Amino acid sequence: MKLGLVALVLVVAIALVIVSTQTGERQVSLVVTNGIVVTMDGGGRVIGNGAVAVDGSDIVAVDTAEAIQRQYRGTETVDAGGQVVLPGLINTHTHAPMVLYRGLADDLALMEWLTKYMFPAEAKTVSPEFVRAGTRLAALEMIQSGTTTYTDMYYFEEEIAKETKAAGLRGVLGQTVIQFPVADAKTPADALARAEAFITAFKGDPLITPAVAPHAMYTLDGATLMAARDLSMRHGVPTLIHVAETRDEVKIAQDQYKASPVGYLDGLGFLGPGVVAAHGVWVSAPEIAMLKQRGVGVSHNPESNMKLASGTAPVPGYLAAGVAIGLGTDGAASNNDLDMFEAMRTASLLHKLQTGDPRAVGARTALEMATMGGARALGMGDRIGSLEPGKRADLIVVSMNSARQTPMYDPISHLVYTTHGDDVRTTIVHGKVLMKDRKVLTLNEASVLSDARGWAEKVRAAVR
Ligand SMILES: [Zn+2]
């Protein structure tokens with residue numbers, strides 16, 4: 001009798017376990033379900049009616065909606081019916097607070113634009129309060145347009161980091177080092193000390209990767225370039241730099257050092273893993289092979305390069321050589337927005353025109369650059385860039401219901417050739433919902449916009 005009771009209890013217990021498994025009893029924090037899931041994983045898997053289970057900061061499963069429903073129950077659920085779920089977009093080069101200079105000076109070449117407008121405007125307006133207001137505005141725009149990780153080079157980077165964390169975005173944030181006196185540093189030595197303090201304060205942060213950002217080879221001497229590189233190597237953090245952006249830069253390198261910008265930097269011993277080179281426009285085929293060999297990541301910024309008529313980066317060459325290459329918007333003053341969907345579309349169209357080959361930079365390649373390519377360029381390919389178990393839960397949900405998106409034969413075609421940032425409905429970073437159905441939850445939209453308009457009055461007065 002006693003034995004029979006034990007057996008009965010066992011049978012009931014086993015039955016309960018089976019039932020609980022079948023009805024999805026593993027409690028997780030979030031399930032995004034019923035969407036077309038574009039994983040961007042190694043196999044390029046697209047799941048027609050798929051779901052992503054998230055627990056805390058991480059993705060725990062990516063599968064059919066039915067399979068996820070069987071195994072997981074989300075404390076929170078996002079219904080992505082009629083929408084596409086994809087990894088959050090990765091902006092590999094921008095200057096976030098420069099959104100406050102958006103449209104201030106257009107239709108100029110880089111050197112004139114920088115020296116006559118941007119550097120003077122910055123000298124008169126950049127302050128901790130300015131970069132905080134600018135970062136809030138940039139963060140709002142990025143969340144609204146599906147960017148989940150961005151790479152920054154600016155001043156008072158610790159203030160940018162605080163606002164980025166408060167907004168819930170992931171950032172690779174580089175404290176600028178530049179030869180002349182700027183708002184946050186009188187000398188390059190001050191800037192390097194500031195960069196080190198910033199790295200120490202944010203190293204190990206779950207959202208912020210601190211970095212050092214020596215501006216460019218033409219705004220720094222060789223000793224300072226190498227001091228910045230040594231600092232980032234000592235702390236194991238990225239080095240962000242503008243490289244071979246314009247013909248003027250090539251001329252400066254040739255006149256001063258009898259070398260190309262890439263050749264000069266390599267001669268210094270600057271190039272190696274952890275370096276993220278923005279632009280890389282004026283780079284020869286042997287230099288592309290060398291960048292690959294050195295493990296340098298490249299950020300392609302097609303809209304900024306086109307607007308400033310800087311030139312066309314040899315992107316098909318980078319891709320063929322297997323260089324880790326991502327997409328960037330550059331600062332909003334030279335773009336003029338932070339919409340990574342536009343960056344994808346422009347990259348694809350630009351290289352078709354440039355090469356005369358409509359197969360160049362196809363839709364999947366452009367989407368790859370904006371996701372996994374960017375992750376690899378930043379040295380974060382193991383953590384972000386695709387929807388796979390074990391990676392951080394950075395994902396977006398994009399509506400495919402408007403007239404513009406109808407009909408849909410191929411979601412990847414739509415994401416690159418049709419989608420605008422405004423089509424993003426929901427943005428999730430590190431497992432946290434930052435925007436749901438276009439309502440941003442981590443920023444007060446009205447006050448962010450009114451602060452920005454207030455700063456614009458000061459900018460206007462400064463450049464008058
Ligand atoms: Zn830039």
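Me: What makes the arrangement of the 4 donor atoms around the zinc ion irregular?

Reply: In this predicted model, the 4 donor atoms subtend angles of 85 to 175° at the zinc ion. A tetrahedral label would require all angles to lie between 85 and 135 degrees, and the upper end of the range, 175°, falls outside that window, so the arrangement is called irregular.

Me: Which atoms are the protein donors of the zinc ion, and how do you know that they count as donors?

Reply: The donors are NE2 of H93, NE2 of H95, NE2 of H242 and an OD atom of D330, and they lie 2.1 to 2.5 Å from the zinc ion. The cut-off for a donor N, O or S atom at this metal is 2.8 Å, so these distances qualify. Water is not among the atoms, so the site may look incomplete. Along the sequence the donor residues follow the spacing H-x1-H-x146-H-x87-D. Within this set, H95 and D330 link distant parts of the chain, being 235 residues apart: H95 sits in the loop between β6 (89-94) and α3, and D330 in the loop between β13 (325-327) and α13 (340-355).

Me: Are H95 and D330 buried or exposed?

Reply: Both H95 and D330 are buried, a term that stands for a relative accessible area under 20%.

Me: Why is the contact between K116 and E112 called a salt bridge, and where in the fold does the pair lie?

Reply: The closest N and O atoms of K116 and E112 are 3.3 Å apart, and because the limit for a salt bridge is 4 Å, the pair qualifies. Both residues belong to helix α3 (residues 110-125), where a separation of 4 residues places them about one helical turn apart. K116 is exposed, because its relative accessible area of 53% is over the 50% limit, whereas E112, at 33%, is partly exposed.

Me: What makes D255 and K251 a salt bridge, and how do you know that they are partly exposed?

Reply: Their closest N and O atoms are 2.8 Å apart, which is within the 4 Å limit. D255 and K251 both lie in helix α8 (residues 247-257), 4 residues apart, or about one turn of the helix. The relative accessible area is 47% for D255 and 49% for K251; partly exposed covers the range between 20% and 50%, so both residues take that label.

Me: Why is K391 called buried while E388, its salt-bridge partner, is called partly exposed?

Reply: The side chains of E388 and K391 meet in a salt bridge with an N to O distance of 3.8 Å. K391 has a relative accessible area of 7%, which is under 20%, so K391 is buried; E388, at 28%, lies between the two limits and is therefore partly exposed. Elsewhere, salt bridges that share partners join R132, R136, E159, K162, E163 and D451 into one network, and the structure holds 29 salt bridges.

Me: What makes a space a cavity, and how many cavities of 30 Å³ or more are there?

Reply: A cavity is a space where a 1.4 Å probe fits but cannot get out, and the structure holds 2 of 30 Å³ or more. The largest cavity has about 220 Å³ of space and is lined by 19 residues, of which H95, M98, L114, H215 and H242 lie nearest its centre. Helix α3 gives the most to this lining, with 6 residues. The zinc donors H95 and H242 are thus among the residues nearest the centre of the largest cavity. The second largest cavity holds about 40 Å³, and its lining has 3 nonpolar, 5 polar and 2 charged residues.

Me: Which residues lie nearest the centre of the largest pocket, and which classes make up its lining?

Reply: The largest pocket, of about 290 Å³, is lined by 23 residues, with P273, G274, A377, L378 and G379 nearest its centre. By class the lining has 12 nonpolar, 7 polar and 4 charged residues, and α7 (222-235) gives the most, with 3 residues.

Technical notes:
Residues are numbered from 1 along each chain as its sequence is written. This is a predicted model: local features need pLDDT of at least 70, side-chain atom pairs count only at pLDDT 80 or more; totals for chains, interfaces and linings use all residues. Side-chain values use heavy atoms; hydrogens and water are left out. Helices (H or I, at least four residues) and strands (E, at least two) are DSSP runs, numbered from the N terminus. Buried means under 20% relative accessible area, exposed over 50%, partly exposed in between (1.4 Å probe, protein chains only). Donors are N, O and S atoms within 2.8 Å of the metal (3.2 Å for Na, K and Ca); water is not among the atoms, so sites may look incomplete. Four donors count as tetrahedral if all angles lie between 85 and 135 degrees; four count as square planar and six as octahedral if opposite donors are over 155 degrees apart and all others between 65 and 115; anything else is irregular. On a 1 Å grid over the protein atoms alone, a cavity is a set of points where a 1.4 Å probe fits but cannot get out, and a pocket is an open set with protein on both sides within 12 Å along at least five of seven lines; lining residues have an atom within 4 Å of a point. Grid points are joined across faces, edges and corners, and a volume is the space filled by probe spheres set on the points. Ala, Val, Leu, Ile, Met, Phe, Trp, Tyr, Cys and Pro count as nonpolar, Asp, Glu, Lys and Arg as charged, and the others, Gly among them, as polar.
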